[in-house]
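Please look over the sequence and the model below before reading on. The explanation is meant to be followed with the structure in view.

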Amino acid sequence: MDDLYWFLLCVVCCSASAFLAASAAFASAAAKAKDHPRRPVKVLFLVRHGESTANENPEVYKTTPDHQIPLTASGREMARAAGLAIVKQLRKDFGTPEKLGHCRLWVSPFLRTRQTAEEILDVAGDWIASVRESPYLVEQDWGLFEGPGIAVAAERHPEEWARVQAIASHQGKFWARFPLGESCFDVCCRVASFFHVVERDYRREVDPVRCLIVVSHGVTLRAFKLMWLRRSPEWFGQSANPPNCSVSMIRGRQDAGFIFGGFCHRKCEVPLSELPVETGDDRCTWHNWKPLSEEERRMRDLQEVHRLKKHK
């Protein structure tokens, strides 16, 4: 019995010590988080890839997988122009890379976005401290309609095509999922998952990331804007893919518009005056909801009591 008593006493003491140690660690972490200021991203640049060989000739889709489609020579020059536009804006806003802080280039792992990033790095490398890739940033998956399939979908897959068109007509294009692929809603969901990585990087204590340059694809960049700026599915349905190598800027959570118009299908630079000006007035109002204060909650409860008494 004595042995059992001492054994149980040791177990209780060890458990109590472990609990106290865990409580102290939790309290220390909470205090540290409270004292540690929130350091959000200062500025973001969203860049669509340069002209690809498939943009120039859609027949490329028949022989080359979408993720392996390269840029044209013109596409590389477009990317350099986008990089120079970013440098011009950063120099105007911050003066030097040191004043900007850590700038990270995020890239979709498709070949055309990688090559776009290479050209941007070549002209803006002094401002960029690190480069990362993320599968979250890839192009929308068109499933059965991938590549040239969209042009012949009605002929090759009449039932699937009719179903997608029916859903798009009834619910809107944003919600219509391609067979074996993604809807625009699905793209928004995976882009939102990418934001957790962004938050981790700008909250770290040592060398937080304060600037992002995101090189991605048309639909994905629109999904990025919708989720980051808290826009609505209706906004997405009314928007269009930006031109190749256009550069739009976001300051914190405010859309600063396009700083570079990119290039049209004729390889001509697009004037900023021809691009839409987005004011953010179409944000979902419920995103601005705030919890009631104690006084507001008390008044609400009193009003509810009076309402119930009145109807008795």
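The paragraphs below take up the sheet, then the helices on it, and then the largest pocket.

The model is a predicted one, and its sheet is a convenient place to begin. Six strands make up this open sheet, in the order 3-2-4-1-5-6, and their pairing is mixed. Strand 3 (130–133) and strand 6 (254–260) are the edge strands, each of them pairing on one side only. On average, neighbouring strands of the sheet are turned by 20 degrees against each other, when direction is ignored. At one edge, strand 2 (residues 102–107) and strand 3 run parallel and are joined by four bridges, and R104 stands opposite S130 in strand 3.

Two helices can be placed against these strands. Helix 8 (residues 184–203) lies across strand 2 and strand 4 (209–216), and runs at about 160 degrees to strand 2. Helix 9 packs on the sheet as well, where it touches strand 1 (43–48), strand 4, strand 5 (247–251) and strand 6, and its direction makes about 155 degrees with that of strand 1.

The largest pocket holds about 840 Å³ of space. Its lining consists of 35 residues, and those nearest the centre of the pocket are Q140, W142, F178, V219 and N241. The elements that give two or more residues to this lining are helix 2 (53–56), helix 6 (149–156), helix 7 (158–171), helix 9 (218–228) and helix 10 (233–238), and the largest share, four residues, comes from helix 7. Sorted by class, the lining has 17 nonpolar residues, nine polar and nine charged. Helix 9 thus links the two parts of this description, as it packs on the sheet and also gives residues to the lining of the largest pocket.

Key. Residues are numbered from 1 along each chain as its sequence is written. This is a predicted model: local features need pLDDT of at least 70, side-chain atom pairs count only at pLDDT 80 or more; totals for chains, interfaces and linings use all residues. Side-chain values use heavy atoms; hydrogens and water are left out. On a 1 Å grid over the protein atoms alone, a cavity is a set of points where a 1.4 Å probe fits but cannot get out, and a pocket is an open set with protein on both sides within 12 Å along at least five of seven lines; lining residues have an atom within 4 Å of a point. Grid points are joined across faces, edges and corners, and a volume is the space filled by probe spheres set on the points. Ala, Val, Leu, Ile, Met, Phe, Trp, Tyr, Cys and Pro count as nonpolar, Asp, Glu, Lys and Arg as charged, and the others, Gly among them, as polar. Two strands pair if DSSP finds at least two bridges between them. Axes are lines fitted to C-alpha atoms, for helices over the stretch in contact, and angles run from 0 to 180 degrees between N-to-C directions. Contact means heavy atoms within 4.5 Å.
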